[in-house]
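Hi,

Here is the structure I promised to pass on. Have a look at it first, and then read my notes underneath.

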Amino acid sequence: MTPPDDARELVGEYVTGLQHTRVHRSAHGGFVWWHRPGALRPGPLAAPAATAVPDLSGLPGAALLVTPVPFGDGLLHRARGAVSAVTWLADPRPGARQLAAHALAAAGRSLRALHGTPLPPGLPPGPPEALRRMRAWADGADGLLPGAARLREETLAAWGSARMERVRAWWEEAVAPPVPSLIHGGASLGALIPPLHRGRTALLTGEDLAAASPALDLGWLLGDLAELAWSAGRYGAPGPSGAPAGASDTPGPSDIPGGPDLRQVLLAGYGLGGSGGLDGLGGLGGPDGPDGPDGPDPAAVARAAVLRVVTHMQDFASYCDWSDELHDYIAFTAELIDEEGRRAVPGGTS
């Protein structure tokens, strides 16, 4: 398919069965992120109207919530960077971790603003697509792709039914809270694009916009960081290559020496200063309930981080080649479930 008119040289390409991503330099400055369905994904990509997403250009220090425009069977985002935050975290050059930290702080500010935005009319019903896939996998639904079916069989044998039931219960808690908020739905490190030179950080937004618990958005990024830290400690290098979300959801090292605790950076950007751990988390969780004015319940955030890692694991098995490292992921996710995701939050136990 012919690239968009302003696309110049190709600077990055990432292909899985779920999504095909091409990153082009733009003739107008910056970069074009072109997402198309992968060979195993039925139907085109779709996104809600851009008017459903708040304009944060006037909010200092916040990442821009960059919405896509339809192009063929895919979507185009435009950003000032060519690689995502997770790529910068794998970069050993001085300053790379600081750049990623800056992007995480900006993402925290943006997510807090997004969660305070009234639910727009016409929002597609139900949870984000990734969570629908994960629930179908957990339920053993008909039509699972071969890799997902194999993963479920081996996971259930290792986890036992009790852990699978806990994951289902956490899923229900996250997607159907008493008072849902507008959430990003796919706020991963792979969707967070720091600027290459000047400009604002971009958080690619739109495909997964939903009404659910705000704990999901924080848990998605904290789950990414927990997975990266585990992958680096276990392998000393990135885990399975070729992320299901395309550009850079691939596991990789985050325990780069020096610099701030990236979990704290994200939460401080969200407005949750301090490092009180799961029981305090700098004020996370207010007196008005799990999604009160002080932010989501900290335990719900930690459990959402578990949902993120499980979702990534099953997407990899579904849309990328099977890897024996998935056995390590099964064991890792069992540990996360048993500790209710505590390692994903500052002060949590591992």
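One term before anything else: a residue is called buried when its relative accessible area is under 20%. Keep in mind as well that this is a predicted model.

With that cut-off, 55% of the 350 residues in the protein come out as buried. The exposed surface of the protein is about 13800 Å², and 53% of that is supplied by carbon and sulfur atoms. As for secondary structure, you'll find 9 helices and 12 strands. If you take the contacts in the protein with a separation of 6 or more, 70% of them are between residues 24 or more positions apart.

Now for the sheets. One is an open sheet of 5 strands with antiparallel pairing, and its order is E1-E2-E3-E6-E5. The twist from one strand to the next averages 30 degrees. Which strands stand at the edges? They are E1 and E5 (69-71); each has a single partner strand, so one side of each has no neighbour in the sheet.

If you'd like to trace that sheet yourself, start with E1 (residues 7-15) and E2 (residues 19-26), an antiparallel pair held over 6 bridges. A hairpin of 3 residues takes the chain from E1 to E2, and glycine 12 sits opposite valine 23 of E2. Further along the order, E3 (residues 31-37) pairs with E6 (residues 74-79) in the antiparallel sense, here over 5 bridges. To find the register of that pair, look for phenylalanine 31: alanine 79 in E6 is its bridge partner.

Another open sheet has 3 strands in the order E4-E9-E8, and its pairing is mixed. Its edges are E4 (64-66) and E8 (192-193), each with a single partner strand, so each has one side left without a neighbour in the sheet. E8 and E9 (residues 202-204) run antiparallel and are joined by 2 bridges, with isoleucine 193 opposite alanine 202 of E9.

While you're in that region, check glycine 190, in the loop between E7 (181-183) and E8. Is glycine 190 buried or exposed? Its relative accessible area is 11%, so glycine 190 is buried, given that the cut-off is under 20%. Its C-alpha atom is separated by 8.9 Å from that of leucine 204, a residue 14 positions away along the chain.

On to the helices. H4 (residues 146-159) packs against H8 (residues 298-319) with the axes 7 Å apart and an angle of about 135 degrees. That angle makes the two helices oblique to each other, and their crossing is right-handed. On the H4 side, the contact is made by Gly147, Ala148, Leu151, Thr155 and Trp159; H8 contributes Val310, Met313, Gln314, Ala317 and Ser318.

One last residue to look at is glutamate 340, in the segment after helix H9 (325-338). What is its phi? Phi of glutamate 340 is near 55 degrees, which is a positive value in a residue other than glycine. For background, most residues other than glycine have a negative phi. Glutamate 340 has a relative accessibility of 25%, so it counts as partly exposed.

That's what I have for now. Happy to go through any of it with you.

Cheers

Methods. Residues numbered from 1 in each chain as written. Predicted model: local features only at pLDDT ≥ 70, side-chain atom pairs only at ≥ 80, totals over all residues. Heavy atoms only, no water. Pairing = 2+ DSSP bridges. Helix = DSSP H or I, 4+ residues; strand = E, 2+ residues; numbered from the N terminus. Buried < 20%, exposed > 50% of the residue type's maximum accessible area, 1.4 Å probe, protein only. Contact = heavy atoms within 4.5 Å. Areas by Shrake-Rupley, 256 points an atom, 1.4 Å probe, with all protein chains shown as cover. Axes fitted to C-alpha atoms, helices over the stretch in contact; angles between N-to-C directions. Parallel < 35°, antiparallel > 145°, perpendicular 65-115°, else oblique. Left-handed = near helix turned anticlockwise from the far one by under 90°.
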